[in-house]
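Grab a coffee and open the viewer: here are a few short exercises, each with a worked solution. Try each task on your own before reading on.

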Amino acid sequence: MINADEANLEWHVFASYLELFVQQGIVGQEGIEAFQSTYRDADEYCCLFVLDEEFTNFVYIPYPED
């Protein structure tokens with residue numbers, strides 16, 4: 001979605017889905033159920049997969065209220 005190099009940013013932003021995370025080995029077959037049980041309502045939260053030097057995890061950020 002956003003190439004950090006082209007936009008002069010520190011972060012790259014990509015859209016993805018669980019099946020792709022499984023195909024790439026980020027989420028194992030045994031982790032699918034755990035991911036689904038912690039997944040939050042997509043109408044209320046943005047799910048981010050954060051990959052940084054010292055932190056790698058899924059983070060849920062609530063959308064601002066109107």
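**Exercise 1. The largest pocket**

Task: Find which residues lie nearest the centre of the largest pocket, and work out what its lining is made of.

Solution:
Step 1. Start with the rule: on a 1 Å grid over the protein atoms alone, a pocket is an open set of points with protein on both sides within 12 Å along at least five of seven lines, a 1.4 Å probe is used, and lining residues have an atom within 4 Å of a point.
Step 2. The lining has 22 residues, and F14, S16, F21, L48 and F49 lie nearest the centre.
Step 3. For the volume, grid points are joined across faces, edges and corners, and the space filled by probe spheres set on the points is taken. That gives about 710 Å³ for this pocket.
Step 4. Next, sort the lining by type, with Ala, Val, Leu, Ile, Met, Phe, Trp, Tyr, Cys and Pro as nonpolar, Asp, Glu, Lys and Arg as charged, and the others, Gly among them, as polar. The lining comes out as 18 nonpolar, 3 polar and 1 charged.
Step 5. Finally, assign elements, which are DSSP runs numbered from the N terminus: helices are H or I with at least four residues, strands E with at least two. Helix α2 (18-23) and strand β1 (45-51) each give at least two lining residues, and β1 has the largest share, with 5 residues.

**Exercise 2. How far to trust the model**

Task: Decide which element has the lowest mean pLDDT and which the highest.

Solution:
Step 1. This is a predicted model, in which local features need pLDDT of at least 70 and side-chain atom pairs count only at pLDDT 80 or more, while totals for chains, interfaces and linings use all residues. Residues are numbered from 1 along each chain as its sequence is written, and side-chain values use heavy atoms, with hydrogens and water left out.
Step 2. pLDDT is the predictor's confidence in each residue, from 0 to 100. The protein averages 86, and 92% of the residues score at least 70.
Step 3. Helix α1 (residues 4-7) has the lowest mean, 73, whereas α2 has the highest, 92.

**Exercise 3. The strands and the cysteines**

Task: Describe how β1 and β2 pair, then explain why C46 and C47 are not joined by a disulfide.

Solution:
Step 1. Two strands pair if DSSP finds at least two bridges between them. Here β1 and β2 (residues 56-62) run antiparallel over 7 bridges, and they form a hairpin with 4 residues between them.
Step 2. Look across the pair: L48 has V59 as its bridge partner, and C46 stands opposite I61.
Step 3. A disulfide needs a pair of cysteine sulfur atoms within 2.5 Å. The sulfur of C46 is 7.2 Å from its closest cysteine sulfur, in C47, so the two are too far apart for a bond. The count of disulfides is accordingly 0.
Step 4. For accessibility, buried means under 20% relative accessible area, exposed over 50%, and partly exposed in between (1.4 Å probe, protein chains only). C46, at 25%, is partly exposed, and C47, at 26%, is partly exposed too.

**Exercise 4. Buried or partly exposed?**

Task: Place F35, T38, V13 and Y60 in their elements or loop, and state whether each is buried or partly exposed.

Solution:
Step 1. F35 sits in helix α3 (residues 32-38) and is buried, at 12%. Its C-alpha is 15 Å from that of Y45, 10 residues away in sequence.
Step 2. T38 also belongs to helix α3, but at 47% T38 is partly exposed. T38 and D52 are 14 residues apart along the chain, with 21 Å between their C-alpha atoms.
Step 3. V13 is in the loop between α1 and α2 and is partly exposed, at 35%. V13 and F49 are 36 residues apart in sequence, and 9.7 Å separates their C-alpha atoms.
Step 4. Y60, in strand β2, is buried at 18%. From Y60 to R40, 20 residues apart along the chain, the C-alpha separation is 7.4 Å.
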